[in-house]
Amino acid sequence: ELCRNPVVNMVVGHYRSLALHKDIQFQPRIQVPDQLSVSDIDLSVILGNLLENAIDAADCGEADARFIQDPRVRRLLEDYNGNMLAITVDNGFHDEIKKVDGRYVSSKPNHSGLGLRNIEMIAEKYEGGVEFTHDPHVFHSSVMLVL
């Protein structure tokens, strides 16, 4: 059990098992209450897309890029914004990053990058935002949702 929130525990636990099976380092840090005001479906879509992308990217890498670094799901108490849920995932990658019109697009065959767009739409629904960036060998994903 990674946390007491059943949806977060199930989704992150599933992707953690997949990562470990593929010999990808993955040590999540989760600090959330048992229940969140974010719908279970929305939470599953965000976590599932971020972690599936991270595993796929890290799986293509050499030994030093096979990691999902310090993924976090946590509730933040911000004085100026109330309660927020922050989800961050940093992962190694080896392939070339593709962008079209300033947006990241999938490098997987027969994929369009719709998963990232779905995450953006869910973040907007919860008056939050997303940020996707990359360094030479690390892709950074950050999602903030107002609770």
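# Notebook: aromatic rings, core and helix H3

I looked first for aromatic pairs and found that the structure holds two of them, where rings of Phe, Tyr and Trp (its six-membered ring) pair if their centres lie within 6.5 Å, planes under 30 degrees apart count as stacked, over 60 as edge-to-face and the rest as tilted. In one pair, the ring centres of Tyr104 and Phe139 are 4.9 Å apart and the planes stand at 80°, so I entered the pair as edge-to-face. Tyr104 belongs to strand S6 and Phe139 to strand S8, so this pair ties together parts that are 35 residues apart in sequence. Phe132 and Phe139 form a stacked pair, with 6.4 Å from centre to centre and 25° between the planes.

Before going on, I noted that this is a predicted model, in which local features need pLDDT of at least 70 and side-chain atom pairs count only at pLDDT 80 or more, while totals for chains, interfaces and linings use all residues. Residues are numbered from 1 along each chain as its sequence is written, and side-chain values use heavy atoms, with hydrogens and water left out. Helices (H or I, at least four residues) and strands (E, at least two) are DSSP runs, numbered from the N terminus.

I then recorded that Tyr104, Phe132 and Phe139 form one aromatic cluster. For accessibility I took buried as under 20% relative accessible area, exposed as over 50% and partly exposed as in between (1.4 Å probe, protein chains only). Tyr104 is buried at 13% relative accessibility, Phe132 is buried at 13%, and Phe139 is buried with a relative accessible area of 12%. I also found the charged end of Lys99 over the ring of Tyr104, 4.7 Å from its centre; the criterion is that NZ of Lys or CZ of Arg is within 6 Å of the ring centre and within 35 degrees of the ring normal.

Next I looked up helix H3, residues 114-125, whose twelve residues reach 17 Å from the first C-alpha to the last, close to the 16 Å expected at 1.5 Å a residue (the expected span is 1.5 Å times one less than the number of residues). Its buried residues are Gly115, Leu116, Ile119, Glu120, Ile122 and Ala123. Seen down the axis of H3, these fall within an arc of 165°, so they line one face of the helix; the arc is that of the directions from the helix axis to the C-beta atoms. The face turned away from the buried side carries the exposed residues Leu114, Glu124 and Lys125. Among what covers the buried residues of H3 I listed helix H2 (40-59) and the strands S6 (103-105), S7 (129-134) and S8 (138-146).

Which residues does Glu120 touch, not counting residues up to four places away in sequence? I found Arg103, Val130 and Phe132, with contact meaning heavy atoms within 4.5 Å. Glu120 itself counts as buried, at 14% relative accessibility. Just after H3, I noted that Glu127 takes a positive phi of about 55°.

For strand S8 I also looked up Ser141, which counts as buried at 6% relative accessibility. Leaving aside neighbours within four places in sequence, Ser141 is in contact with Leu50, Ile87, Thr88, Val89, Asp90, Glu131 and Phe132.

I turned last to the largest nonpolar core, whose 37 residues include Val8, Leu43, Leu85 and Ile87 as those touching the most other members; such a core is a set of buried Ala, Val, Leu, Ile, Met, Phe, Trp, Tyr and Cys residues joined through side-chain atoms within 4.5 Å. The elements giving two or more residues to this core are helix H1 (6-21), H2, strand S3 (67-78), strand S4 (82-92), H3 and S8, and H2 gives the largest share, eight residues. The end C-alpha atoms of H2 are 27 Å apart, which agrees with the 28 Å that its 20 residues should span at 1.5 Å a residue. Leu43, leaving aside neighbours within four places in sequence, is in contact with Asn5, Val7, Val8, Leu36, Val38, Leu85 and Ile87.

In strand S3 I checked Val73, which is buried with a relative accessible area of 4%. The C-alpha atoms of Val73 and Val8 are separated by 8.4 Å, although the two are 65 residues apart along the chain. Not counting residues up to four places away in sequence, Val73 touches nine residues named here in full: Val8, Arg29, Ile30, Gln31, Val32, Leu47, Leu85, Ala86 and Ile87.
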